[in-house]
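Please work through the following exercises with the sequence and the model open side by side.

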Amino acid sequence: MRRLGHSFPRDSRSTGFSLVELLVVVSIIGLLVGLSATVIPRALEAGDKAKAKGDLMAIVAAVKAYKQEYGRFPSTAGTTDDEHVYASYATSQIKFSTKPYGRSSDLIAILCGEDKNQLNPKKIRFLETAKMDSQYVWKDPWGQEYCVMFDTNDDGGVEYWGDGNWEHPNIKQSVIAVSAGPNKAVDGKAENSSSCDDVFSWK
């Protein structure tokens with residue numbers, strides 16, 4: 001006697017995941033988590049360094065524009081003084097062989113159009129930025145003020161290394177700016193070492 005209706009073949013495929021499939025998925029997730037733990041912080045640090053480099057270049061450009069307008073640097077230092085350092089945090093840093101003549105906030109105020117210390121009587125705005133507080137304190141992404149140095153005595157370059165010998169040559173630029181980087185400290189004579197995380201305006 002014929003059986004009415006249709007007969008369906010039995011589906012031999014399992015409706016769940018096998019142990020091997022679960023292990024593969026867990027391994028992929030672990031790999032992605034491990035990569036994100038290293039890649040994301042590096043990407044964020046690279047972004048912070050790029051921001052600092054842009055700030056430093058803007059400051060250097062503003063200082064050069066000031067000198068072109070007034071014929072001198074925005075500084076109380078005289079032409080017989082050696083390189084002028086602007087940065088409150090650099091006072092005790094061994095890499096800077098000259099003493100600071102002023103605070104970085106004074107410099108930023110002058111460049112932003114303030115007649116601070118009677119150094120911008122025309123009140124020209126050389127620097128356009130909204131990245132600071134009302135006291136003109138402009139900090140890098142790691143919370144430190146930028147350091148700016150001028151070749152005030154026009155001797156051919158800013159003394160950055162401090163000794164000017166073949167191993168540590170002077171920087172041959174009239175204006176340089178530095179960020180202390182993630183470790184928040186100027187790294188002495190280790191500029192070319194892997195441990196140096198400073199950010200420079202000139203390279």
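**Exercises on helices, surface and core**

Just after helix 2, Gly113 takes a positive phi of about 105°. This is a predicted model, in which local features need pLDDT of at least 70 and side-chain atom pairs count only at pLDDT 80 or more, while totals for chains, interfaces and linings use all residues. Residues are numbered from 1 along each chain as its sequence is written, and side-chain values use heavy atoms, with hydrogens and water left out.

**Exercise 1.** Decide whether helix 2 is mostly covered or not.

*Solution.* Begin with the element itself, residues 104-111, where helices are DSSP runs (H or I, at least four residues) and strands likewise (E, at least two), numbered from the N terminus. Next, apply the term buried (under 20% relative accessible area; exposed is over 50%, partly exposed in between; 1.4 Å probe, protein chains only). Eight of the eight residues of helix 2 are buried, among them Asp106 and Leu107, and the helix is thus mostly covered.

**Exercise 2.** Find which elements give two or more residues to the largest nonpolar core.

*Solution.* A nonpolar core is a set of buried Ala, Val, Leu, Ile, Met, Phe, Trp, Tyr and Cys residues joined through side-chain atoms within 4.5 Å. The largest has 25 residues, and Ile59, Val63, Leu111 and Val148 have the most contacts inside it. The elements sought are helix 1, helix 2, strand 3 (147-150) and strand 4 (175-179), with helix 1 giving the largest share, seven residues. A second, separate core of nine residues includes Cys147, Met149, Ile176 and Phe200.
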